[in-house]
Amino acid sequence: MGEFLLFLSKLLPLALYPLGLTSLLLIFAIANFWSRPRRAAVALVLALTVLIISASNLMAEALLYSLERQNPPLVNPPRASAIVVLGGSTYPPTPPRQGPEVNEAGDRILYAARLYREGRAPKVILSGGRIAWKGGGQAEAIDMQTLMATMGVPTEAVILEPDSLNTYENARNVRELLQRSGIRGKLLLVTSASHMPRAKAIFLKQGMTVIPAPTDFLVETQRPKKQFQEQLLDLLPDSLALDRTTRALKEYVGWAIYRLRGWL
C-alpha cells in the first residue's frame, strides 16, 4: 500500500506541471476537434499559452527566486552538532558509469564536504534512498558517502540514512537516527536553495533545530544588466527554462500536499 501511495504521489502532480498540463489540453483538443471545434480551439490556445509562459526564462527565474530568496547563503556558517545532507543529487553507479555521479544538485555534496572540512560539525548525516521502480540500485546515501570520501570526509565521520524516499521521510528518519545516536543540538541542513523552504519547515515540524545551509542557487542576484539580445531570448521558449519552472512548481505543489497531510 505504501509503495502504491508513493507511486500516486509522483504520478498525480504531473498533471499540474507545464508539460503534463499542456499534454492534457492537447488531448482534450484532439478529442473535441470535430465535434466541438470551438472548445478544441480554446484548449489549443491554452496549451500554447501554458507552454510559452512556463518555458520562458523570465517565469523560471521569478518562480525560483521566490523560493531561493527565503534562505540566503550562509556568510559565516556556525558550528553545529551535525551536517544533514538531503538526497536528490546523484546518479547511481550503473554502467557505463564507473561510479556514482552528481547531477545538477551535486552542489549539496560539495558544500557539505566543504562545511565538514572547515570544522563546522563533527558528523555528516547523509539521507536518501532509492525508489525501486525508478531504476533502483544502492541507496543514494551510499553514493554520497563514496563521493564525499574523495573530498576528504572520512567514513567514521559519516552516518547513513539510506531508507527515505521523500523529504518527509528524510526528516522523520533523521530524527529517529539522532535519537538512537544521542546527537543533540543544532543541525546544518544542506539542500538546494529552492528546496530549502519546504525541507526546513518539515524538519522544524519534526522538532529539530536546523540552520539552513542552502546551496545550488540557480538565480543570480548580482550580475550586469542584461543586454537587449539576452532580454529578448528570455521571452522565447527554452527547454532549460521549462525544467526550472517545473522544478519551482514542484516545490509549491509539494508544499500544498505536505500541508494537507499535516507534515508541515
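**Salt bridges in the predicted model**

At a relative accessibility of 28%, Arg97 counts as partly exposed, and its side chain meets that of Glu101 in a salt bridge with an N to O distance of 3.9 Å. Glu101 is likewise partly exposed, since its relative accessible area is 38% and the partly exposed class runs between the limits of 20% and 50%. The model in which this pair is found is a predicted one, and the count of salt bridges in it comes to 9.

Another of these contacts is formed by Glu251 and Arg198, whose closest N and O atoms are 2.9 Å apart. Because Glu251 lies in helix H10 (residues 239-260) whereas Arg198 lies in helix H8 (residues 196-205), the pair ties together parts that are 53 residues apart in sequence. Both Glu251 and Arg198 are buried.

Helix H10 also contains Arg247, and the side chain of Arg247 meets that of Asp216 in a salt bridge of 2.5 Å, taken from N to O. Asp216 is located in the loop between strand E7 (210-215) and helix H9 (228-235), and the two residues, 31 apart, link distant parts of the chain. Arg247 and Asp216 are both buried. The contact between them belongs to a wider arrangement, in which Glu104, Asp216, Arg244 and Arg247 are joined into one network by salt bridges that share partners.

Methods. Residues are numbered from 1 along each chain as its sequence is written. This is a predicted model: local features need pLDDT of at least 70, side-chain atom pairs count only at pLDDT 80 or more; totals for chains, interfaces and linings use all residues. Side-chain values use heavy atoms; hydrogens and water are left out. A salt bridge is a side-chain nitrogen of Lys or Arg within 4 Å of a carboxyl oxygen of Asp or Glu. Buried means under 20% relative accessible area, exposed over 50%, partly exposed in between (1.4 Å probe, protein chains only). Helices (H or I, at least four residues) and strands (E, at least two) are DSSP runs, numbered from the N terminus.
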